[in-house]
Amino acid sequence: MDLVILIYKLTEVFPKEEMYGIIMQMRRCSVSIPSNIAEGSRRSSKKDFRNFLINAYGSGAELETQIEISKRLKFGKIEYYLQVENLLLEVMKMLNKLINNLRV
């Protein structure tokens, strides 16, 4: 959830013409991560939960790419990028560990 908040803070100063471009993509991906975790945790099997964690991990990978693109385009405040990248790395490590622990 903290990652979602940081992404919203980062993208609120992006160029307005990006509202339906990279801003929406980054926000959607960031929201998708905890949403998939939550939905998967309510499923009836470990296999289903694992699949939702894999989806969350995929959204994290998309977000990594979008962060790099927006950095190269020099959108946003640089101080937010460091926070976002560190937190995303932590989230991805946790997801990877969970996914590996739920192997069927």
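User: What makes E85 and K71 a salt bridge?
Analyst: The rule asks for a side-chain nitrogen of Lys or Arg within 4 Å of a carboxyl oxygen of Asp or Glu. In E85 and K71 the closest N and O atoms are 2.8 Å apart, so the pair fits that rule. The pair links distant parts of the chain, with E85 in helix α4 and K71 in helix α3, 14 residues apart. Helices here are DSSP runs (H or I, at least four residues), numbered from the N terminus. Keep in mind that this is a predicted model, where local features need pLDDT of at least 70, side-chain atom pairs count only at pLDDT 80 or more, and totals for chains, interfaces and linings use all residues. Residues are numbered from 1 along each chain as its sequence is written, and side-chain values use heavy atoms, leaving out hydrogens and water.

User: Why is E85 called partly exposed?
Analyst: Buried means under 20% relative accessible area, exposed over 50%, and partly exposed in between (1.4 Å probe, protein chains only). E85 has 27%, so it gets the middle label. K71, at 30%, is partly exposed too.

User: What makes R72 exposed?
Analyst: Its relative accessible area is 64%, so R72 counts as exposed. Its salt-bridge partner E68 has 33% and is therefore partly exposed.

User: How do you know that E68 and R72 meet in a salt bridge?
Analyst: Their side chains come to 2.9 Å, N to O. Both lie in helix α3 (residues 46-72), four residues apart, about one turn of the helix.

How values were computed. Helix = DSSP H or I, 4+ residues; strand = E, 2+ residues; numbered from the N terminus.
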